[in-house]
Amino acid sequence: MMKLLLKLEQTALQTPDRPAYIVGTQTVTYGELVSLAKRDGALLRREGTSPVIVYGHKEPAVVRAIVACLYAGRAYVPVDVCVPAERLQNIIRQTGASLVLAARPVCVPGVTVLSPDGLECFSDREPQPNGNRIAYMIFTSGSTGVPKGVPVSCENLENFVRWEQTLPCLNGLQAATVCNQARFHFDLSVADLYYALCGGHTLAAVRTENSLDFAEIFRVLKKSDVAVMTPTFLRLCLTERDFNTENYPKLSCVYVCGEPLPKPAAKTLLERFPRLCLLNAYGPTEATSAVCAVRITKEMLRDDAPLPVGELSAAATEIFIENGEVILKGKSVCGGYLHADGDAFFVRDGEQCYRTGDLGYTQNGMLYVSGRRDGQIKYMGYRIELGEIENAALRLPGVRACAVVPQTAPDGTVRAITAFAEADAFLSPDAVQTALRRTLPSYMVPKTVRILPSLPVTANGKTDRKELQKQCRT
Ligand code: AMP
């Protein structure tokens, strides 16, 4: 049995009434979670051995199904209700799943759809032998338009859980409440789900199914000691002026991951919560949620220097730079995409490596990410990193976030660059361009600057660059 299940059982034995998971008015205690998931797990072993689709949003049945799959030794594939039917069917086809454990009604031809309570129907079947070592599969968007399955092994996951528990500010907490923002099909949620359940803490979920319900977000944050979120979500929280230590005295740690942390957001957070521990974590789905993290200090925010994304000596896996690209090697790296050889993966010295596509460098024991390899464009013959323009814009007073998108002609040549700046209305596009001209060569200054009250956000809580591309065309 996985070590992380032993930890879960230990909490269930010692404090069965402690809440393991809370969403809205529903609570599941450790005692209930372990006894239900164990029972479900035994029944799942009778149903088959293929990966199990876990469909829903933040219902307690989703968490119960995830834990049940771990007990059964069957890979779970979380699929949020925001995933359209066609994509769900594609995921089912790719995984060969025979069962959807659904917390919500869903119609998928050719597979059995059951709620966890419905698993009883397999009780008269024989348990299947199972040598599966995959804990879960998360589907990320593939550049070809077909979702790519990332199978994360039990060893990858156990390594992540061990590493995360050593992080500053997270390692000493007892019976904490951990705020979950991410949908369970986004690998950021791996960080809060397993930190909470393996540490005997309580996971308190924010429902993010439709538009963001700020009343719910702040209700959950009010009782949370730790919050795990994307930097975009953090910026949204910071638009509420009352989000400060006086009103949220319990909040002691915010863990962000998934995209660059804008300095203005980090600054505002630490001004409003002077004693809070802000962890900037970095990693891709292909290397189990996150591989390194660093506590952001006020000193790091003082000058213009970029923010680090992790301490190398305390990383979950080996990290090195090759031709300017961040390469991950070892225990965190998954075995490769489902049904694809993918040249991003390779083996060196007998260990699995992953080319992240992130441009980065190391300095004074820290990892820095400076942009994406694919965020590099050629414009009028000049080589430009879009991240550099974004960072220059972020240094301007009043700019809270910035995304720069290129407009390309059908032949792929970049015809123009547009900057979308999230800023207060008093800041004009002209003022941004004038200020950027002071720090950037003229060819890097975006021809168009648009000021928005907030940047659009994807279902995973990151900046929606595709939507911004569309806006460029209007
Ligand atoms: P995902 O697989 O959705 O978690 O996305 C992984 C990608 O998000 C990484 O390859 C990076 O490009 C980006 N990313 C994750 N964490 C950070 C961070 N702290 N700073 C900058 N970029 C990040």
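The paragraphs below lead through two sheets, two cavities and one aromatic pair of this structure. The model is a predicted one.

The broader of the topics is the strand arrangement, and the eight-stranded sheet is a convenient place to begin. In this open sheet, 8 strands follow the order β2-β1-β10-β9-β11-β12-β13-β14, and their pairing is mixed. The edges are occupied by β2 (26-29) and β14 (292-295); each has a single partner strand, so one side of each is left without a neighbour in the sheet. On average, and with direction ignored, neighbouring strands of this sheet are turned by 20° against each other. One pairing within the sheet can be followed in detail. Strand β11 (residues 226-229) and strand β12 (residues 253-256) run parallel and are joined by 4 bridges. Among the residues involved, A227 has V254 in β12 as its bridge partner.

Another open sheet is made of 3 strands, placed in the order β23-β24-β25, and here too the pairing is mixed. Its edge strands are β23 (399-408) and β25 (448-452), each of which has a single partner strand, so one side of each is left without a neighbour in the sheet. From one strand to the next, the twist averages 20°. The pairing of β23 with strand β24 (residues 414-423) is antiparallel and extends over 9 bridges. Within this pairing, Q407 stands opposite A416 in β24.

Attention now turns from the sheets to the enclosed spaces. A search of the whole structure finds 2 cavities of 30 Å³ or more. The largest cavity holds about 50 Å³ of space. Its lining consists of L4, L5, L8, I66, V67, L70, L193, Y194, L197 and C198. Which helices supply at least two residues each to this lining? They are α1 (3-14), α3 (60-72) and α6 (188-198). The largest share, 4 residues, comes from α6. In terms of residue class, the lining of the largest cavity comprises 10 nonpolar residues, with no polar and no charged ones. Both domain 1 (1-14 + 27-132) and domain 2 (145-374) contribute to the lining of the largest cavity, with at least three residues drawn from each.

The second largest cavity contains about 40 Å³ of space. The residues that line this cavity are I66, Y76, P78, I138, F184, S189, V190, L193 and Y194. Two or more residues of this lining are given by each of the elements β4 (76-80) and α6. Here again α6 provides the largest share, which is 4 residues. The lining of the second largest cavity divides into 8 nonpolar residues, 1 polar residue and no charged residues. Where does this cavity lie with respect to domain 1 and domain 2? Domain 1 (1-14 + 27-132) and domain 2 (145-374) both give residues to its lining, so the second largest cavity lies between them.

F184, one of the residues lining the second largest cavity, also leads to the last topic, the aromatic pairs. A pair of aromatic rings is described by the distance of the centres and the angle of the planes. The structure has a count of 11 aromatic pairs. In one of them, the ring centres of Y21 and F184 are 6.4 Å apart and the ring planes stand at 55°, so this pair is tilted. The pair links distant parts of the chain, its two residues being 163 residues apart. Y21 belongs to strand β1 (residues 19-23), whereas F184 is found in the loop between β9 (177-180) and α6. The strands β1 and β9 both appear in the order of the 8-stranded sheet, while α6 supplies lining residues to the largest cavity and to the second largest cavity.

Technical notes: Residues numbered from 1 in each chain as written. Predicted model: local features only at pLDDT ≥ 70, side-chain atom pairs only at ≥ 80, totals over all residues. Heavy atoms only, no water. Pairing = 2+ DSSP bridges. Axes fitted to C-alpha atoms, helices over the stretch in contact; angles between N-to-C directions. 1 Å grid on protein atoms, 1.4 Å probe; cavity = no way out; pocket = protein on both sides within 12 Å on 5 of 7 lines; lining within 4 Å. Points joined across faces, edges and corners; volume = space filled by probe spheres on them. Nonpolar A, V, L, I, M, F, W, Y, C, P; charged D, E, K, R; others polar. Domains from an automatic or database assignment. Phe/Tyr/Trp six-rings, centres within 6.5 Å; stacked < 30°, edge-to-face > 60°.
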